[in-house]
Amino acid sequence: MKVRFNRWYNALMTACLLAVVATGLTACNSDDEDDGSEYWTVTLDGYPTERTVYYLDQPHPYQVIRAIRDDGKEYYFNIGEIEGFEYEAGYMYQLLIKATPTLQQPGTCNPPPYQFKLVKIISKEYFNWCKTC
């Protein structure tokens, strides 16, 4: 009787261990994670635009790059905002980027709505804004 109990117990423990390992392996699969990311195809302007923010009644200018998404919506990127992409003025780019929504962290005020990561540079073309030059 004791031998049968040990075999049954060992078989049960082995099955439980296999179930835990299998669950752990499938839970670590990052392909199934849904972090709310979107993939955008954007066309960036050839030259940055200057904007001004006022803080304590003092102007603080900064440069942004205007982009048109593939759905026609306009978006403005800060220079350096797209991880893995280095903007070079004078060129129009078409990019595929991953846009991941950001979460409000405690102690932060007004975070950017997305974090951007370059997936692929689709095209890079020289932009001559002065057609008669």
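The following exercises, with worked solutions, concern a predicted model of a protein.

**Exercise 1. Overall architecture**

Task: Determine how many helices and strands the protein has, and state the pattern they follow along the sequence.

Solution:
- Step 1. The count of elements gives 1 helix and 7 strands.
- Step 2. Reading along the sequence, one obtains the pattern α-β-β-β-β-β-β-β.
- Step 3. Contacts add a view of the fold: among those between residues at least 6 apart in sequence, 58% join residues at least 24 apart.

**Exercise 2. Surface and burial**

Task: State what percentage of the residues count as buried, and describe the accessible surface of the protein.

Solution:
- Step 1. The protein has 133 residues, of which 17% count as buried.
- Step 2. Its accessible surface comes to about 10500 Å².
- Step 3. Carbon and sulfur atoms account for 55% of that surface.

**Exercise 3. The largest nonpolar core**

Task: Identify the residues of the largest nonpolar core that touch the most other members, and the elements that supply the core.

Solution:
- Step 1. The general background is that in soluble globular proteins nonpolar side chains tend to be buried together.
- Step 2. The largest nonpolar core here contains 16 residues, and those touching the most other members are Leu-44, Phe-77, Ile-82, Phe-85, Leu-95, Ile-97 and Phe-116.
- Step 3. Two or more residues of this core come from each of β1 (38-44), β3 (58-69), β4 (74-78), β6 (91-101) and β7 (114-126).
- Step 4. The greatest contribution to this core is that of β6, with 4 residues.
- Step 5. Ile-82 serves as an example: leaving aside residues up to four places away in sequence, Ile-82 touches Phe-77, Leu-95, Ile-97, Phe-116, Lys-117 and Leu-118.

**Exercise 4. The salt bridges of Arg-66**

Task: Find the salt-bridge partners of Arg-66, and explain which parts of the chain the pair with Asp-45 ties together.

Solution:
- Step 1. As a general principle, side chains of opposite charge can pair when their charged atoms come close.
- Step 2. The protein has 4 salt bridges in total.
- Step 3. In one of these, the side chains of Arg-66 and Asp-45 meet at 2.9 Å, N to O.
- Step 4. Arg-66 belongs to strand β3, whereas Asp-45 lies in the loop between β1 and β2 (49-55), so this pair ties together parts 21 residues apart in sequence.
- Step 5. Glu-74 also forms a salt bridge with Arg-66, with the closest N and O atoms 2.9 Å apart.
- Step 6. Asp-45, Arg-66 and Glu-74 are thus linked in a network of salt bridges.

**Exercise 5. Accessibility within the network**

Task: Classify Asp-45, Arg-66 and Glu-74 as buried, partly exposed or exposed.

Solution:
- Step 1. The cut-offs required are under 20% for buried and over 50% for exposed, with partly exposed in between.
- Step 2. Asp-45 has a relative accessibility of 18%, so Asp-45 counts as buried.
- Step 3. Arg-66, at 25%, counts as partly exposed.
- Step 4. Glu-74, at 46%, likewise counts as partly exposed.

**Exercise 6. The surroundings of Arg-69**

Task: Locate Arg-69, classify its accessibility, and list its contacts.

Solution:
- Step 1. Arg-69 is placed in strand β3.
- Step 2. Its relative accessible area is 14%, and Arg-69 is therefore buried.
- Step 3. Asp-71 forms a salt bridge with Arg-69, the closest N and O atoms being 2.7 Å apart.
- Step 4. Asp-71 itself counts as partly exposed, at 43% relative accessibility.
- Step 5. When residues up to four places away in sequence are not counted, Arg-69 touches Trp-40, Thr-41 and Val-42.

Definitions and conventions. Residues are numbered from 1 along each chain as its sequence is written. This is a predicted model: local features need pLDDT of at least 70, side-chain atom pairs count only at pLDDT 80 or more; totals for chains, interfaces and linings use all residues. Side-chain values use heavy atoms; hydrogens and water are left out. Buried means under 20% relative accessible area, exposed over 50%, partly exposed in between (1.4 Å probe, protein chains only). Contact means heavy atoms within 4.5 Å. Accessible areas come from the Shrake-Rupley method with a 1.4 Å probe; for residues, only the protein chains shown count as cover. A nonpolar core is a set of buried Ala, Val, Leu, Ile, Met, Phe, Trp, Tyr and Cys residues joined through side-chain atoms within 4.5 Å.
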